[in-house]
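User: Please take a close look at the open sheet in this structure. I should like to know how its strands are arranged and which aromatic rings pair.

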Amino acid sequence: MFTGIITDIGTVVALAQEGDLRARIKTGYATDRIDMGASIASDGVCLTVVGLGPDWYEVQISAETVDKTNIGHNGWHVGKRVNLERALKVGDELGGHIVSGHVDGVAEVVAMADEGDSTRVTLRAPKALARFIAPKGSVALNGTSVTVNEVDGCDFGINFIPHTKEATTWGDVALGDRVNLEIDTLARYVARLGEMS
């Protein structure tokens, strides 16, 4: 379980196809405090630590995860920066919203405009997920908990303030980027209850 509050920006430093894709991610986290088998959200994807070094950790990524996330769509590559968040511990501040790290689909950046010091980004969600996205609701994008400003069909807008652009990889965003999208868990359950009644 995560909050969508990014606590480090990692860098992919090695990739190897070994049945599953194995990735090494350089991090500022104290790796001597990371256990083997720990979960770390990497660009919003909950991945299990299978190797540790002095300033890096390694994960194995299944073909299913590669196919359903921007790991495959964008193609993680050596040098790619990724948003990182360690799993929530009992007693930690819940500053964003409950995020599972289970990516629902991939959205595409279709428009960008500067508004003062902030950047307004419009994304296009897959049609099957768009119904779960509501104005002033929450979504996780590349692991970042954000508030939706407006919704127009499959398109929805997000406003990134300067702090978010500096503390996450959102300062690197470009038109056409494919972004890991996790809808709000509460929205999913409310929709399911509506289908059953």
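Analyst: The account below follows the sheet first and then turns to the aromatic rings. The model is a predicted one.

The open sheet has 7 strands in the order E10-E9-E13-E7-E8-E12-E11, and their pairing is antiparallel. Strand E10 (144-147) and strand E11 (150-152) stand at the edges; each has a single partner strand, so one side of each lacks a neighbour in the sheet. On average, neighbouring strands of this sheet are turned by 35 degrees against each other, direction ignored.

Within this order, strand E7 (residues 105-115) and strand E8 (residues 118-124) run antiparallel and are joined by 7 bridges. Val109 stands opposite Leu123 in E8.

As for the aromatic rings, a search of the whole structure finds 1 aromatic pair. It is formed by Phe160 and Trp170: the ring centres are 4.4 Å apart and the planes stand at 15 degrees, so the pair is stacked, given that planes under 30 degrees apart count as stacked. Phe160 belongs to strand E12 (residues 155-160), whereas Trp170 lies in the loop between helix H4 (162-167) and strand E13 (178-183); the pair thus links distant parts of the chain, 10 residues apart. Phe160 has 2% relative accessibility and counts as buried. Trp170, at 3% relative accessibility, also counts as buried, the cut-off for buried being under 20%.

Two further rings have a charge over them. The charged end of Arg24 sits over the ring of Trp56, 3.6 Å from the ring centre. Likewise, the charged end of Arg86 sits over the ring of Tyr29, 6.0 Å from the centre of that ring.

Notes: Residues numbered from 1 in each chain as written. Predicted model: local features only at pLDDT ≥ 70, side-chain atom pairs only at ≥ 80, totals over all residues. Heavy atoms only, no water. Pairing = 2+ DSSP bridges. Helix = DSSP H or I, 4+ residues; strand = E, 2+ residues; numbered from the N terminus. Axes fitted to C-alpha atoms, helices over the stretch in contact; angles between N-to-C directions. Phe/Tyr/Trp six-rings, centres within 6.5 Å; stacked < 30°, edge-to-face > 60°. Buried < 20%, exposed > 50% of the residue type's maximum accessible area, 1.4 Å probe, protein only. Lys NZ or Arg CZ within 6 Å of the ring centre and 35° of its normal.
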